[in-house]
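Here is an informal walk through one small set of coordinates. Have the viewer open and follow along residue by residue.

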Amino acid sequence: IGCFASYLSRFHSDNPEDYDEHGCLRWFNEFSQTHNEQLYSAIGRINITYPDVKLIYADYYNATMEFIKNPGRFGEYLLACVLHVA
């Protein structure tokens, strides 16, 4: 979420250290990564406790970061959006 235009606008910082190499807010992305790690761990515990339960985990963070890190793979429109945000 640290790469979304709405968060970049609302939580703008004059400190360049607050941004990663893609122009995303570090602390939001660190929060997302920690959340996903904790969620994945909890799902593992649930799978052990309840082996007949089927859970689906969707990692939106890494999917979104693939767009941010490699915009050219997804077309000109996305490349323009990423360049504008950064």
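Let's start with Asn29, which is buried, at a relative accessible area of just 3%; anything under 20% gets that label. Keep in mind that this is a predicted model. Asn29 sits in helix H2, which spans residues 26–49. What does its side chain reach? The side chain of Asn29 gets to the backbone nitrogen of Gly2, at 2.9 Å.

If you skip neighbours within four places in sequence, the contacts of Asn29 are Ile1, Gly2, Cys3, Asp20, Cys24, Tyr61 and Met65. Several of those names come back below, so Asn29 is a handy place to park the camera while reading.

**The overall layout**

Zooming out, the protein has four helices and zero strands, and reading along the sequence gives the pattern α-α-α-α. There are 86 residues, of which 22% count as buried. The exposed surface comes to about 6600 Å², with carbon and sulfur atoms supplying 57% of that area. As for contacts with a separation of 6 or more, 34% of them are between residues 24 or more positions apart.

**The disulfide**

How many disulfides does the count give? The count comes to one disulfide, and it joins Cys3 to Cys24, with the sulfurs 1.9 Å apart. The torsion about the S-S bond of Cys3 and Cys24 is about 105°, so this disulfide is right-handed. The pair links distant parts of the chain: Cys3 belongs to the segment before H1, Cys24 to the loop between H1 and H2, and 21 residues separate them. Helix H1 itself covers 5–10.

Are the two cysteines buried or exposed? Cys3 has a relative accessible area of 9%, so it counts as buried. Cys24 also counts as buried, at 2% relative accessibility. Both cysteines are among the contacts of Asn29. Measuring from C-alpha to C-alpha, Cys3 and Asn29 are 7.9 Å apart in space, with their positions 26 residues apart in sequence.

**Helix H3 and Tyr61**

Tyr61, another contact of Asn29, lies in helix H3. Its relative accessible area is 14%, so Tyr61 is buried. Which residues of H3 are buried? For this helix, residues 60–69, they are Tyr61, Met65 and Ile68. These three cover an arc of only 50° around the axis, which means they are on the same side of H3. Two of the three, Tyr61 and Met65, also turn up in the contacts of Asn29.

What caps the N-terminal end of H3? That would be Asp59, with a side-chain oxygen 3.2 Å from the backbone nitrogen of Tyr61. Beyond its sequence neighbours within four places, Tyr61 is in contact with Asn29, Ser32, Gln33 and Asn36. Tyr61 and His35 are 9.9 Å apart, C-alpha to C-alpha, and 26 residues apart in sequence.

**Aromatic pairs**

Now for the rings. A pair of aromatic rings is described by the distance of the centres and the angle of the planes. The count comes to seven aromatic pairs, and two of them are set out here.

| Pair | Centre to centre | Angle between planes | Geometry |
|---|---|---|---|
| Tyr7 and Phe11 | 6.2 Å | 10° | stacked |
| Tyr40 and Tyr57 | 5.6 Å | 65° | edge-to-face |

Tyr40 lies in helix H2 and Tyr57 in the loop between H2 and H3, so this pair ties together parts that are 17 residues apart in sequence. Tyr40 is exposed, at a relative accessible area of 56%, while Tyr57 is partly exposed, at 27%.

In the stacked pair, Tyr7 counts as partly exposed, at 29% relative accessibility, and Phe11 is also partly exposed, at 31%. Both rings belong to a cluster: ring pairs link Phe4, Tyr7, Phe11, Trp27 and Phe28.

Key:
Residues numbered from 1 in each chain as written. Predicted model: local features only at pLDDT ≥ 70, side-chain atom pairs only at ≥ 80, totals over all residues. Heavy atoms only, no water. Helix = DSSP H or I, 4+ residues; strand = E, 2+ residues; numbered from the N terminus. Buried < 20%, exposed > 50% of the residue type's maximum accessible area, 1.4 Å probe, protein only. Arc of directions from axis to C-beta. Polar contact = N/O pair within 3.5 Å; in protein donor to acceptor, adjacent residues only side chain to side chain. Contact = heavy atoms within 4.5 Å. Phe/Tyr/Trp six-rings, centres within 6.5 Å; stacked < 30°, edge-to-face > 60°. Disulfide = S-S within 2.5 Å. Areas by Shrake-Rupley, 256 points an atom, 1.4 Å probe, with all protein chains shown as cover.
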